[in-house]
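Trainee: Could we go through this model together, and could you tell me what stands behind each label?

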Amino acid sequence: VLTLALNYGGRAEIVDAVNRVLEARGPGPQARVTEEEIGARLYTAGLPDPDLVIRTSGEMRLSNFLLWQAAYTELYFLDVYWPDFTRDHLIGAIAEYQHRQRRFGGTTGE
């Protein structure tokens, strides 16, 4: 699944999701908001969390991108601007990803 996000902000998405949880519950005393309730109301609800995020332009940060969904995502950074990103760059990112050991928050000693 390839997902492109345009005019998107991860913090705004989380705030919107929490507000939708609260609206769905209605007035009155409420239990704590759960991860499942938030996840079901994110802009990407129904899509799998990304396995790989490719960050172009040489920046070494997520820049407010998929803050919730990227919790266990592998990150790949390169010094190429998005308009210059080619098929060869994509293949290189995928090849690098294939050599990584995914632990999803676990340690190497498990």
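**Pockets, burial and backbone**

Mentor: Let's start with the second largest pocket, which is lined by Glu-35, Asp-49, Pro-50, Asp-51, Trp-68, Gln-69, Ala-71, Tyr-72, Thr-73, Arg-102 and Phe-104. Keep in mind that this is a predicted model, where local features need pLDDT of at least 70 and side-chain atom pairs count only at pLDDT 80 or more, while totals for chains, interfaces and linings use all residues. Residues are numbered from 1 along each chain as its sequence is written, and side-chain values use heavy atoms, with hydrogens and water left out.

Trainee: What makes something a pocket, and what makes a residue part of its lining?

Mentor: On a 1 Å grid over the protein atoms alone, a pocket is an open set of points with protein on both sides within 12 Å along at least five of seven lines, and a lining residue has an atom within 4 Å of a point. The volume is the space filled by probe spheres set on the points, which are joined across faces, edges and corners. For the second largest pocket that space is about 210 Å³, and for the largest pocket about 1100 Å³. Of the 28 residues lining the largest pocket, Leu-2, Thr-3, Leu-52, Ile-54 and Phe-65 are the closest to its centre.

Trainee: Which element supplies the largest share of that lining?

Mentor: β1 does, with four residues. β1 (52-55) and α3 (87-98) each give at least two; these elements are DSSP runs, helices being H or I over at least four residues and strands E over at least two.

Trainee: How do the residues lining the largest pocket divide by class?

Mentor: They comprise 20 nonpolar, five polar and three charged residues. Here Ala, Val, Leu, Ile, Met, Phe, Trp, Tyr, Cys and Pro count as nonpolar, Asp, Glu, Lys and Arg as charged, and the others, Gly among them, as polar.

Trainee: Why is Thr-73 called buried?

Mentor: Buried means under 20% relative accessible area, exposed over 50%, and partly exposed in between, with a 1.4 Å probe and protein chains only. Thr-73 has 10%, so it is buried. It sits in the loop between β1 and β2 (74-77).

Trainee: And why is Thr-34 called partly exposed?

Mentor: Its relative accessible area is 32%, so it falls in between the two cut-offs. Thr-34 is in the loop between α1 (10-25) and α2 (35-39).

Trainee: How do you know that the side chain of Thr-73 makes a polar contact with Pro-50?

Mentor: A polar contact is a pair of N or O atoms within 3.5 Å, one able to donate a hydrogen and the other to accept it within protein; residues adjacent in sequence count only if both atoms are side-chain atoms. The Thr-73 side chain reaches the backbone oxygen of Pro-50 at 2.7 Å, which is within that limit. The side chains of Ser-63 and Arg-61 are also joined by a polar contact, of 2.8 Å.

Trainee: What makes the phi of Ser-57 worth a remark?

Mentor: Most residues other than glycine have a negative phi. Ser-57 has a positive value, near 80°, and Ser-63 also has a positive one, near 55°. Ser-57 lies in the loop between β1 and β2, as does Ser-63. With 23% relative accessible area, Ser-57 is partly exposed; Ser-63, at 36%, is partly exposed too.

Methods: 1 Å grid on protein atoms, 1.4 Å probe; cavity = no way out; pocket = protein on both sides within 12 Å on 5 of 7 lines; lining within 4 Å.
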